[in-house]
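User: Please take a close look at how the charged side chains pair in this model, and at the packing around those pairs. Say which parts of the chain are joined, and how open the partners are to solvent.

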Amino acid sequence: RDALAAADSLWADFAAGSGSFQLVVAGARSMSQNPERLAVIELAHRLKVLADSALTPEQVRGYRKLMQSIYGPRLAALGLDLRPGAYASEPAPRQALRHSLAPIVALEGRDPEVRARLAAAAAAYIGGDTQAIDSSFRGTALRVAIQDGGLPFMTLLKAVLVKSSDPLFRQEASSAIGSADTPALAEAALGLALSPGIQPLETMRIVFNAASQPGSRETALAFTDKNFKKVMESFPGFFRPQFVTLFDGHCAADDVAKADAYMQPKLKELGGGELELAQTKERIALCSALKNAKGAEIGAVLGQ
């Protein structure tokens, strides 16, 4: 509890504009050695949100290096055997920590060795080797394989997905397809979102995941604008106002007006969303203010 309170205070101080980014990084590095899983990963999640919204492409490169340097050694010390049941005899907290660190190191730190192992295991699994990877690492492995394997792996994964009756695998596979992180790959992923065999909740998952990636965000918005009625119909009625949160992660000053212009004409068809739109615009404005106040400082720390 003390570690979580400290992490929250560090981040709140920074987000308010008074605390230093260097102190946040020092806190993340220190807490990465905490014995408790939640304490280890708390600031990692805050840093991910920052990277997905406020950082420039150059700063993201520094962020990747930072995340690998902080969390990579902790994962290496735990070991990463991807085979099913490899850690069955370990205490549950140690297993849980490994499962939490793997996506941080692979997807945020972009550790090449970890990614290569995960991608190879994902390819083997999709190829029919059910013993290639433990289910606890499968979702992360599929995301890495989509990003590194590109369209050939995405096409293969979609073919396996539509034949599967395993709801967990279908969830992981559709989330992975939506993790495409370049405009070209996102365009292919979004094309699959409305293709035969993809269930409505999987369409929604692909669209939201693509919209959450900085490299595919604009592609996702253009797609939803062009195919609004079809995409909206894939959302359960009670969830349609959440469509507005596709703008989460936007962080430029003019994005507030952009979100308003994009969403206001759609609110009637969504059956609501006024509150969600107001909250989204507030998050954009706060992110933009933080970026303007702290951007140079963040860049200096990440450039070290």
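Analyst: A residue is called buried when its relative accessible area is under 20%, exposed when it is over 50%, and partly exposed in between. The model is predicted. A salt bridge here needs a side-chain nitrogen of Lys or Arg within 4 Å of a carboxyl oxygen of Asp or Glu, and by this rule the count comes to 17. As background, side chains of opposite charge can pair when their charged atoms come close.

One of these salt bridges is formed by D248 and R283, with N and O 3.0 Å apart. D248 sits in the loop between α12 (228-233) and α13, while R283 belongs to helix α15 (residues 274-302); the two are 35 residues apart, and the pair links distant parts of the chain. The relative accessibility of R283 is 39%, so R283 falls in the partly exposed class. D248 is also partly exposed, because its relative accessible area is 30%.

Elsewhere, D8, E42 and R46 are joined into one network by salt bridges that share partners. Within this network, the closest N and O atoms of R46 and D8 are 2.9 Å apart. R46 is part of helix α3 (residues 37-53) and D8 is part of helix α1 (residues 2-15), so this salt bridge ties together parts that lie 38 residues apart in sequence. With a relative accessible area of 22%, R46 is partly exposed. D8 is partly exposed as well, at 39%.

How do the two helices that carry this pair, α1 and α3, pack? Their axes are 8 Å apart and meet at an angle of about 20 degrees. Angles under 35 degrees count as roughly parallel, and α1 and α3 are therefore roughly parallel to each other. Their crossing is right-handed. On the α1 side the contact is made by A3, L4, A7, D8, L10 and W11, and on the α3 side by L38, A39, E42, L43, R46, L47 and L50. Sorted by class, the contact of α1 with α3 has 10 nonpolar residues, no polar residues and three charged ones. D8, E42 and R46, the members of the network, thus appear among the residues of the contact between α1 and α3.

A further pair lies later in the chain. E218 forms a salt bridge with K258, and their closest N and O atoms are 2.7 Å apart. This pair too links distant parts of the chain: helix α11 (residues 217-226) holds E218, helix α13 (residues 255-263) holds K258, and 40 residues separate them. E218 has a relative accessible area of 42% and is therefore partly exposed. K258, at 33%, is partly exposed.

For another helix contact with charged residues, consider α4 (residues 57-78) and α5 (residues 92-108). Their axes come within 9 Å and cross at roughly 150 degrees. Angles over 145 degrees count as roughly antiparallel, and the crossing angle makes α4 roughly antiparallel to α5. The crossing of α4 and α5 is left-handed. Helix α4 contributes Y63, R64, M67, Y71, G72, R74, L75, A77 and L78 to the contact, and α5 contributes R94, L97, R98, L101, A102, I104, V105, L107 and E108. Of the residues in this contact, 12 are nonpolar, one is polar and five are charged.

The loop that leads into α4 from α3 contains T56, which is partly exposed because its relative accessibility is 31%. T56 and F223 are 167 residues apart in sequence, and their C-alpha atoms are 24 Å apart in space.

A mostly covered region shows a different setting for charged residues. In helix α8 (residues 167-177), eight of the 11 residues are buried: F169, R170, E172, A173, S174, S175, A176 and I177. These buried residues pack against α6 (112-126), α7 (135-163), α9 (183-193) and α10 (200-212). S179 follows in the loop between α8 and α9, and S179 is buried because its relative accessibility is 0%. Leaving out residues up to four places away in sequence, S179 touches R143, I146, Q147, N209 and Q213.

Terms used:
Residues numbered from 1 in each chain as written. Predicted model: local features only at pLDDT ≥ 70, side-chain atom pairs only at ≥ 80, totals over all residues. Heavy atoms only, no water. Axes fitted to C-alpha atoms, helices over the stretch in contact; angles between N-to-C directions. Helix = DSSP H or I, 4+ residues; strand = E, 2+ residues; numbered from the N terminus. Parallel < 35°, antiparallel > 145°, perpendicular 65-115°, else oblique. Left-handed = near helix turned anticlockwise from the far one by under 90°. Contact = heavy atoms within 4.5 Å. Nonpolar A, V, L, I, M, F, W, Y, C, P; charged D, E, K, R; others polar. Buried < 20%, exposed > 50% of the residue type's maximum accessible area, 1.4 Å probe, protein only.
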